[in-house]
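Dear colleague,

I am handing over the structure below, together with an account of what was found in it. Please keep it open beside this message while you read.

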Amino acid sequence: MLRKTDVEPRPDGHNDDEGTPVSVKIRERLTAARRRFNANDNIAEFIEPGELEALLDEVELKMKDVLESLVIDLENDHNTGNTARRVAKMYLNEVFKGRYVPPPSLTEFPNAEHLNELMIVGPITVRSACSHHFCPIIGKLWIGVMPNEHTNVIGLSKYARLAEWVMGRPQIQEEAVVQLADLIQEKTQPDGLALVMEAEHFCMAWRGVKEMDSKMINSVMRGVFLKDPSLRREFLSLLPRKN
């Protein structure tokens with residue numbers, strides 16, 4: 001019996017689905033599920049086995065069109081002959097990988113010792129790209145956690161892996177910090193959570209105003225960090241300051 005997602009083969013042995021770009025298939029699944037697929041969303045659960053490789057081929061072909069429209073001689077320019085493939089691999093397998101793969105697996109432990117003291121993780125290097133121009137965002141992240149007896153404890157490296165997964169998408173820094181805070185809050189359930197990110201945006205340094213020294217700093221405070229000014233001051237005072 002055919003499932004709703006199956007496509008009944010035609011009498012000539014061909015499938016009506018043949019020739020449909022894989023991006024269209026993924027988009028149709030997302031639309032049918034009424035799921036958002038903004039640039040900074042993860043869509044891994046809607047990608048079937050083998051489709052990421054097919055998507056890479058599709059992006060390569062479309063990137064060739066972009067290069068052609070930039071009037072670059074892909075046939076004779078030895079520097080750009082394989083650029084489309086390299087860019088496709090960079091986007092899907094590296095800088096935007098956080099859109100296309102499931103979250104990193106985490107081993108969570110109960111707070112057996114009932115730890116309830118401030119813990120700070122950082123600086124964690126963050127790498128992303130702005131959604132507006134696809135220019136790099138490079139910076140540092142600090143995470144403060146105030147656990148309670150019910151908090152799930154995760155390894156220090158897992159905070160970096162979660163940050164890499166969230167930042168590995170086209171992002172707006174303000175939204176990225178909130179996304180990461182929501183994820184850590186869900187995984188650990190602490191009494192308080194604080195994040196501070198400081199990053200350089202190449203959309204300002206490389207183009208536009210070409211301001212090389214400007215950085216953006218933003219924070220998210222949850223739970224006791226929001227309610228207790230002294231704890232908030234303690235967290236901020238412990239962050240390393242540049243001379």
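A residue is called buried under 20% relative accessible area and exposed over 50%, with partly exposed in between. Glu 48, at 42% relative accessibility, therefore counts as partly exposed. Please bear in mind throughout that this is a predicted model.

Salt bridges

Within a cut-off of 4 Å between a side-chain nitrogen of Lys or Arg and a carboxyl oxygen of Asp or Glu, the count comes to 8 salt bridges. One of them joins Glu 48 to Arg 29, with the closest N and O atoms 3.5 Å apart. This pair links distant parts of the chain, since Arg 29 belongs to helix α1 (residues 22–32) and Glu 48 to the loop between α1 and α2, 19 residues apart. Arg 29 has a relative accessibility of 23% and so counts as partly exposed.

Another salt bridge is formed by Arg 36 and Asp 41, whose closest N and O atoms are 2.7 Å apart. Here the acidic partner, Asp 41, counts as buried because its relative accessibility is 11%.

A further salt bridge brings together the side chains of Arg 222 and Asp 182, at 2.8 Å from N to O. Arg 222 lies in strand β7 (residues 216–223) and Asp 182 in helix α5 (residues 173–188), so this pair ties together parts that are 40 residues apart in sequence. Arg 222 counts as partly exposed at 22% relative accessibility, and Asp 182 counts as partly exposed at 39%. Returning to Arg 29 and Glu 48, salt bridges that share partners join these two residues and Glu 51 into one network.

Helix α3 and the aromatic residues

How far apart are the end C-alpha atoms of helix α3 (residues 83–95)? They are only 16 Å apart, although the helix has 13 residues and a straight one would reach 18 Å at 1.5 Å a residue. The buried residues of α3 are Thr 83, Ala 84, Val 87, Ala 88 and Leu 92, and what covers them includes α2 (51–69).

As for aromatic pairs, the count comes to 4. In one of them, Tyr 91 and Phe 134 meet edge-to-face, with 5.8 Å from centre to centre and 75° between the planes. Tyr 91 lies in helix α3 and Phe 134 in the loop between β2 (119–130) and β3 (136–146), so the pair ties together parts that are 43 residues apart in sequence. Phe 134 counts as partly exposed, at 39% relative accessibility.

Phe 134 also forms an edge-to-face pair with Phe 96, at 5.0 Å from centre to centre and with 70° between the planes. This pair, too, links distant parts of the chain: Phe 96 is in the loop between α3 and β1 (109–110), Phe 134 in the loop between β2 and β3, and the two are 38 residues apart. Phe 96 counts as buried, at 5% relative accessibility. Tyr 91, Phe 96 and Phe 134 form one aromatic cluster.

Elsewhere, Arg 169 lies over the face of Trp 165, at 4.4 Å from the ring centre.

Nonpolar cores

Which residues have the most contacts inside the largest nonpolar core? They are Leu 141, Ile 143, Tyr 159, Leu 180 and Leu 195, in a core of 24 residues. At least two residues of this core are supplied by each of β2, β3, α4 (156–167), α5 and β6 (192–201). If neighbours within four places in sequence are left aside, Ile 143 is in contact with a set of residues that includes Met 119, Ile 120, Val 121 and Ile 124, as well as Tyr 159, Ile 184, Leu 195 and Phe 235. Apart from this core lies another, of 13 residues, among them Leu 30, Ile 47, Leu 92 and Ala 129; Leu 92 is also one of the buried residues of α3.

His 150

Last comes His 150, whose place is in the loop between β3 and β4 (152–153). His 150 counts as exposed because its relative accessibility is 63%. The C-alpha atoms of His 150 and Pro 190 are separated by 7.8 Å, while the two residues are 40 residues apart along the chain.

With best regards

Terms used. Residues are numbered from 1 along each chain as its sequence is written. This is a predicted model: local features need pLDDT of at least 70, side-chain atom pairs count only at pLDDT 80 or more; totals for chains, interfaces and linings use all residues. Side-chain values use heavy atoms; hydrogens and water are left out. Helices (H or I, at least four residues) and strands (E, at least two) are DSSP runs, numbered from the N terminus. The expected span of a helix is 1.5 Å times one less than its number of residues. Buried means under 20% relative accessible area, exposed over 50%, partly exposed in between (1.4 Å probe, protein chains only). Contact means heavy atoms within 4.5 Å. Rings of Phe, Tyr and Trp (its six-membered ring) pair if their centres lie within 6.5 Å; planes under 30 degrees apart count as stacked, over 60 as edge-to-face and the rest as tilted. A charge sits over a ring if NZ of Lys or CZ of Arg is within 6 Å of the ring centre and within 35 degrees of the ring normal. A nonpolar core is a set of buried Ala, Val, Leu, Ile, Met, Phe, Trp, Tyr and Cys residues joined through side-chain atoms within 4.5 Å.
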